Amino acid sequence: MSNTLTTIAFIGLGNMGGGMAANLAKKGFIVNAFDLMPEHLEKARADGCNTFGSAADAVATCDAVVSMLPNGKIVESLYIDQDALLDAMPKGTLVIDCSTVAPENSRRLAQVGTEKGMRVIDAPVSGGVAAAAAGTLAFMCGGSEADVDAARPVLAAMGANIFRAGDHGAGQVAKVCNNMLLAIHMAGTAEALQLGVNNGLDPKVLSDIMLKSSGCNWSLEKYNPYPGVQENSAATRGYTGGFMVDLMLKDLGLAMQSALASQSSIPMGASARNLFSLHKKSGGEDKGGLDFSSIQQFYQ
Ligand code: NAD
């Protein structure tokens, strides 16, 4: 088992993983990268990573594995069920799964990984594509204190804030709570802005008023959903880039699952999930690929 993590296998070089792997390479780690898409491998090579023909080859000699994959089914299939990566990496490897998945997926990965002699943490992120590229993500970790501490130098190369939420799966619980709240205040912000506009207010003037009043919140401040109010917002770019409606729906589905599992009442989270689901299907075209601030269109 290596205490110094120098060689990092990176699996999943998409919107988020591409920038994260590039930052690891920039900070001097040896990065052995793999993705199913050849164009993502090409970009990783240009960013200073070594690329491999399979995930098993990428993890064969490494101190840690970082994965950034679409969902829990893929995470379990890759590490355990189909590709059995946990059998392809050196004993003692630190597995850092940054994908947003259900806490149950993370717990199974940790259990099977520990049985096979690996160290495993879940480390989902907040911050989006821009923060992944800039290396300013927030990591919400679940796992033992020792394993989270061991992961810190790797995470610090990709992010600005590292939290340990608790044991395995706790990082995912924190992520689900955060994103449920994000969905609620984004929908609430869009609703308030539309009420103002429908009653004759300029959305920029109303935003300025609420930013200095008790309605101020992160969506209004950093991610205004009304087109033209903020120069660099997804709304002003036609709701392109950013965080897709489909990914928000995935996270709200995970919030529903967590609520059922713990018999929690989440009426606001459930309403937000319904709103985003209705929005996705409204107007005859699938809006799942638009940025989630496009919920503004649902009110227009
Ligand atoms: P993405 O679809 O852009 O990237 C996923 C990558 O995984 C793709 O390049 C795909 O080819 C690759 N992949 C899929 N199956 C694979 C396999 N078996 N082996 C190797 N590679 C495989 O998605 P993304 O936006 O980068 O999101 C990744 C994760 O990060 C998701 O869990 C998402 O919920 C989470 N997340 C995304 C954002 C965001 O703003 N996009 C923000 C926070 C968290």
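**Ligand surroundings and cysteines in the predicted model**

In this predicted model, an N or O atom in the side chain of aspartate 35 lies 2.7 Å from an oxygen atom of the ligand. Backbone atoms also take part in polar contacts: an N or O atom in the backbone of threonine 100 is 3.0 Å from a ligand oxygen atom, and a backbone N or O atom of glycine 14 is found 3.5 Å from an oxygen atom of the ligand. The ligand taken alone exposes 840 Å², of which 88% is buried by the protein.

The shell around the ligand is made up of 25 residues, and the closest of these are Asn15, Met16, Asp35, His40 and Leu69. By residue class, the shell comprises 15 nonpolar, seven polar and three charged residues. Two or more shell residues are given by each of the elements α4 (72-81), α6 (128-134) and α11 (245-262), while domain 1 (7-166) and domain 2 (173-299) each supply at least three residues to the shell.

The cysteines were considered next. A disulfide is a covalent bond between the sulfur atoms of two cysteines. With a cut-off of 2.5 Å between cysteine sulfur atoms, the count of disulfides in the model is zero. For cysteine 49, the closest cysteine sulfur belongs to cysteine 62 and lies 14 Å away, which is too far for a bond. Cysteine 49 counts as buried because its relative accessibility is 6%, under the limit of 20%, whereas cysteine 216, with a relative accessibility of 31%, counts as partly exposed because this value falls between 20% and 50%.

Definitions and conventions. Residues are numbered from 1 along each chain as its sequence is written. This is a predicted model: local features need pLDDT of at least 70, side-chain atom pairs count only at pLDDT 80 or more; totals for chains, interfaces and linings use all residues. Side-chain values use heavy atoms; hydrogens and water are left out. A residue is near a molecule or strand if one of its heavy atoms lies within 4 Å of it. A polar contact is a pair of N or O atoms within 3.5 Å; within protein, one must be able to donate a hydrogen and the other to accept it, and residues adjacent in sequence count only if both atoms are side-chain atoms. Accessible areas come from the Shrake-Rupley method with a 1.4 Å probe; for residues, only the protein chains shown count as cover. Helices (H or I, at least four residues) and strands (E, at least two) are DSSP runs, numbered from the N terminus. Ala, Val, Leu, Ile, Met, Phe, Trp, Tyr, Cys and Pro count as nonpolar, Asp, Glu, Lys and Arg as charged, and the others, Gly among them, as polar. Domain bounds come from an automatic or database domain assignment. Buried means under 20% relative accessible area, exposed over 50%, partly exposed in between (1.4 Å probe, protein chains only).
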